[in-house]
Amino acid sequence: MTISPKLGPRSAAFGAVAGALIGCAIGIATGALTATVPGLLAGGAIGLICGCGAGAIVGAVAARTARDTGGVSVGAYTGMGVGALLGGVAGVLATGPAQQSALLQQTTVLDALTTGAFEAMILGSFLFAVLGTAVGSLVGGRNLRRQGGVR
């Protein structure tokens, strides 16, 4: 079975845009937990940047696994796995800078980022898995070729 050579780059680009939008929404919701405007804006900006990168990776991997016949489910499960993996790495890397933020230490839910690397890894894995599931399902559904039909 052959797939279009344009499917990977198109899916990565679409995943980057979808990831940026979904990541920004997740970041704003997470930043809202601080109950401050700077926390809200910082959460949105971090979500936008992380979502763009993670969305591009999830889009490319989902295009590779789901191809044009896998559909939404294969894309969603691929995005969930890849997102959790990326989020674990991002969470561990964010532990150091997060420990210096007094605003995060005062917020009960986001205090997990400042407690230790394991807690940050779990929170990052969860948030990125949500992002990856959404982006993967969008990419898988977009790439699905209808049987018997022409694209």
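What follows is a chat about a predicted model and how its helices pack.

Biologist: Before we start, what kind of model is this, and how are residues numbered?
Modeller: It's predicted, so local features need pLDDT of at least 70 and side-chain atom pairs count only at pLDDT 80 or more, while totals for chains, interfaces and linings use all residues. Residues are numbered from 1 along each chain as its sequence is written, and side-chain values use heavy atoms, with hydrogens and water left out.

Biologist: How many helices and strands are there?
Modeller: The chain has 6 helices and 0 strands. Those are DSSP runs numbered from the N terminus: H or I of at least four residues for helices, E of at least two for strands.

Biologist: How much of the chain is buried?
Modeller: Buried residues are 38% of the 151. Buried means under 20% relative accessible area, exposed is over 50%, and partly exposed is in between, using a 1.4 Å probe and protein chains only.

Biologist: Tell me about H1. How far does it reach?
Modeller: H1 covers residues 7-31 and spans 34 Å from first C-alpha to last, close to the expected 36 Å. The expected span is 1.5 Å times one less than the number of residues.

Biologist: Which H1 residues are buried, and what covers them?
Modeller: Among them are Leu7, Ser11, Gly15, Gly19, Gly23 and Gly27. The cover includes helix H2 (37-66) and helix H6 (117-143).

Biologist: Which residues form the largest nonpolar core?
Modeller: It has 9 residues, including Ala18, Ala54, Val58, Phe128 and Leu131. H6 gives the largest share, 4 residues. A nonpolar core is a set of buried Ala, Val, Leu, Ile, Met, Phe, Trp, Tyr and Cys residues joined through side-chain atoms within 4.5 Å.

Biologist: And what does Phe128 touch?
Modeller: Skipping neighbours within four places in sequence, Phe128 contacts Cys50, Ala54, Gly83, Ala84, Leu86, Gly87 and Ala90. Contact means heavy atoms within 4.5 Å.

Biologist: Switching to Ser125: buried or exposed?
Modeller: Ser125 counts as buried because its relative accessibility is 17%. This serine is in H6.

Biologist: What does its side chain reach?
Modeller: The Ser125 side chain reaches the backbone oxygen of Ala84 at 3.1 Å.

Biologist: Last one: what sits over the ring of Phe14?
Modeller: The charged end of Arg142 does, 4.5 Å from the ring centre. The cut-offs are NZ of Lys or CZ of Arg within 6 Å of the ring centre and within 35 degrees of the ring normal.

Key. Polar contact = N/O pair within 3.5 Å; in protein donor to acceptor, adjacent residues only side chain to side chain.
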